Amino acid sequence: MKTLSTKKLAETVRNLRESKGFTKEELGNLTGINRIMIGRIEREDFTPSIVQFEALSNVLGFDLTEMFVEKERTNSFVALRSEALSDSEKKGVEKLFTMMLSLRQQIKLRSSFENESTHA
């Protein structure tokens, strides 16, 4: 899933504003965004609204979709693959899986025993 990268947006706004020779106040006048908010966007301290985001894109000439990046993967899947675990954590995960498999076998055995006793 892609999410808005405030870092990429900040760098893009700052670089394009400076390359076009705009002050924050001039960019603010062109976009309708207060110059203080422009500074906050450039410091990754403020996420613009969609309307403000579009105004920045139109004035500075960047593609909105390029500001979205793939969300970093969480460690939950990595943990299951044992890539980010210490040896003691790996042993704990193995023990957990063993216990889960044992429990599943007990449930299956109990279920089959109950089925046999009802048919007898």
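The paragraphs below walk through a predicted model, beginning with a pair of helices, moving on to salt bridges, and ending with a further helix and the residue after it.

A convenient place to start is the pairing of helix 1, which spans residues 6-19, with helix 3, which spans residues 35-42; their axes come within 7 Å and cross at roughly 125°. Angles of 65 to 115 degrees would count as roughly perpendicular and those over 145 as roughly antiparallel, and helix 1 and helix 3 are therefore oblique to each other. On the side of helix 1, the residues that take part in the contact are Leu-9, Ala-10, Val-13, Arg-14 and Arg-17, and they meet Ile-38, Ile-41 and Glu-42 of helix 3. Sorted by class, this contact between helix 1 and helix 3 comprises 5 nonpolar residues and 3 charged ones, with no polar residue.

The charged residues lead on to the salt bridges. Side chains of opposite charge can pair when their charged atoms come close. The structure holds 3 salt bridges, and one of them joins Glu-42 to Arg-17, with 2.5 Å between the closest N and O atoms. This pair connects distant parts of the chain, since Glu-42 lies in helix 3 and Arg-17 in helix 1, 25 residues apart. Both Glu-42 and Arg-17 are buried, and for Arg-17 the relative accessible area is 8%, which falls under the 20% cut-off for a buried residue.

Arg-17 also meets Glu-18 in a salt bridge, at 3.9 Å from N to O. Glu-18, unlike the buried Arg-17, is partly exposed, with a relative accessible area of 49%. Elsewhere, Arg-40 forms a salt bridge with Asp-45, the closest N and O atoms being 3.0 Å apart; here Arg-40 counts as partly exposed at 25% relative accessibility, and Asp-45 likewise counts as partly exposed at 44%. Where salt bridges share partners, they join Arg-17, Glu-18 and Glu-42 into one network.

The last stop is helix 4, residues 50-60, whose buried residues are Phe-53, Ala-55, Leu-56, Ser-57 and Leu-60. Which elements cover these buried residues of helix 4? The cover includes helix 1 and helix 3, already met above, together with helix 2 (24-31), strand 1 (2-4) and strand 2 (68-70). Following helix 4 comes Gly-61, a residue with a positive phi, near 75°.

Technical notes: Residues are numbered from 1 along each chain as its sequence is written. This is a predicted model: local features need pLDDT of at least 70, side-chain atom pairs count only at pLDDT 80 or more; totals for chains, interfaces and linings use all residues. Side-chain values use heavy atoms; hydrogens and water are left out. Axes are lines fitted to C-alpha atoms, for helices over the stretch in contact, and angles run from 0 to 180 degrees between N-to-C directions. Helices (H or I, at least four residues) and strands (E, at least two) are DSSP runs, numbered from the N terminus. Angles under 35 degrees count as roughly parallel, over 145 as roughly antiparallel, 65 to 115 as roughly perpendicular and the rest as oblique. Contact means heavy atoms within 4.5 Å. Ala, Val, Leu, Ile, Met, Phe, Trp, Tyr, Cys and Pro count as nonpolar, Asp, Glu, Lys and Arg as charged, and the others, Gly among them, as polar. A salt bridge is a side-chain nitrogen of Lys or Arg within 4 Å of a carboxyl oxygen of Asp or Glu. Buried means under 20% relative accessible area, exposed over 50%, partly exposed in between (1.4 Å probe, protein chains only).
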